[in-house]
Amino acid sequence: MISGAVDTKTEEDKIKIGEGGKTMKKMIAVLVVVGLVVAGAAYAAEKDDAKALVEKAVAYAGAEGKDKALAEISKAKGTFDKGEMYVFAYDFKGVVVAHPKNAKLIGKNLLEVPDNDGKLFRKEIVELAKGKGSGWVDYKYMNPASKKPEQKTTYIQKAGDIMLFIDELHTII
């Protein structure tokens, strides 16, 4: 009898644990969904901020002229350098003409330099700028600090005979 009582109690505990496990799984699922919604909203806001910064740089180039805009874009901690989010510029041949983080890139033609998967994404950028004038291009990039590949999304907008970019949006793969 005692043995049967213990077995009954054990079965009741199993049922309770099973129900608790189902409840826990539901709570985890809800938390995952909420996390994805929040992350998606943050990503969308970051994309909006990136696009707005490029549009601000394009307006600045229109108002102040190309040379003054390129000088301002190349300034570390300048108007268009917001830390990890910054504007840089290429010409339509793929030559970097302004960069606030790496002045050594200025004057280098990167058109034929592929991403980590071999994609010539800068050619896609040039075609997008020549065609639609603006838009988003995805590519993969090896982060020099973390040594890990990252998926990047670059916003590009034509500004006269140059293209202005921002490409801080990424995820580690």
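## Burial and helix α2

A residue is called buried when its relative accessible area is under 20%, exposed when that area is over 50%, and partly exposed in between. The model discussed here is a predicted one.

With this definition, helix α2, which covers residues 66-73, can be described. Its buried residues are Ala-69, Leu-70, Glu-72 and Ile-73. Viewed down the axis of α2, these buried residues fall within an arc of 165 degrees, so they line one face of the helix.

## Overall architecture

The protein contains three helices and six strands. Along the sequence, these elements follow the pattern α-α-β-β-β-α-β-β-β.

Of the 173 residues of the protein, 33% count as buried. The area that the protein exposes is about 10600 Å², and carbon and sulfur atoms supply 61% of it. Contacts can also be sorted by separation along the chain: among those between residues at least 6 apart in sequence, 43% join residues at least 24 apart.

## Ala-61 in helix α1

Helix α1 spans residues 2-64, and Ala-61 is found in it. Ala-61 counts as buried because its relative accessibility is 13%, and the cut-off for a buried residue is under 20%.

Which residues does Ala-61 touch, not counting residues up to four places away in sequence? They are Lys-66 and Ala-69. Ala-69 is also one of the buried residues of α2. In addition, Ala-61 and Leu-164 are 103 residues apart along the chain, and their C-alpha atoms are separated by 9.9 Å.

## Thr-154 in strand β5

Thr-154 belongs to strand β5. Is this residue, Thr-154, buried or exposed? With a relative accessibility of 2%, Thr-154 counts as buried.

When neighbours within four places in sequence are left aside, Thr-154 is in contact with Ile-125, Gly-135, Trp-136, Val-137, Tyr-139, Phe-165, Ile-166 and Asp-167. These partners can be placed by residue number. Ile-125 lies within the range of α3 (121-131), while Gly-135, Trp-136, Val-137 and Tyr-139 lie within that of β4 (134-142). Phe-165, Ile-166 and Asp-167 lie within the range of β6 (162-172).

## The largest pocket

The largest pocket has a volume of about 590 Å³. It is lined by 32 residues, of which the closest to its centre are Tyr-86, Tyr-139, Tyr-141, Lys-152 and Asp-167. Two of these residues, Tyr-139 and Asp-167, are also among the contacts of Thr-154.

Which elements give two or more residues to the lining of the largest pocket? They are β2 (85-91), α3 (121-131), β4 (134-142), β5 (149-159) and β6 (162-172). By residue class, the lining divides into 16 nonpolar, seven polar and nine charged residues.

## Two lysines with positive phi

Lys-77 is located in the loop between α2 and β1 (81-82). Its backbone angle phi is near 65 degrees, a positive value in a residue other than glycine. Lys-77 counts as exposed because its relative accessibility is 78%, and the cut-off for an exposed residue is over 50%.

Lys-147 is placed in the loop between β4 and β5. For Lys-147, phi is likewise near 65 degrees, again a positive value in a residue other than glycine. Lys-147 has a relative accessible area of 60%, so it is exposed.

Technical notes:
Residues numbered from 1 in each chain as written. Predicted model: local features only at pLDDT ≥ 70, side-chain atom pairs only at ≥ 80, totals over all residues. Heavy atoms only, no water. 1 Å grid on protein atoms, 1.4 Å probe; cavity = no way out; pocket = protein on both sides within 12 Å on 5 of 7 lines; lining within 4 Å. Points joined across faces, edges and corners; volume = space filled by probe spheres on them. Helix = DSSP H or I, 4+ residues; strand = E, 2+ residues; numbered from the N terminus. Nonpolar A, V, L, I, M, F, W, Y, C, P; charged D, E, K, R; others polar. Buried < 20%, exposed > 50% of the residue type's maximum accessible area, 1.4 Å probe, protein only. Arc of directions from axis to C-beta. Contact = heavy atoms within 4.5 Å. Areas by Shrake-Rupley, 256 points an atom, 1.4 Å probe, with all protein chains shown as cover.
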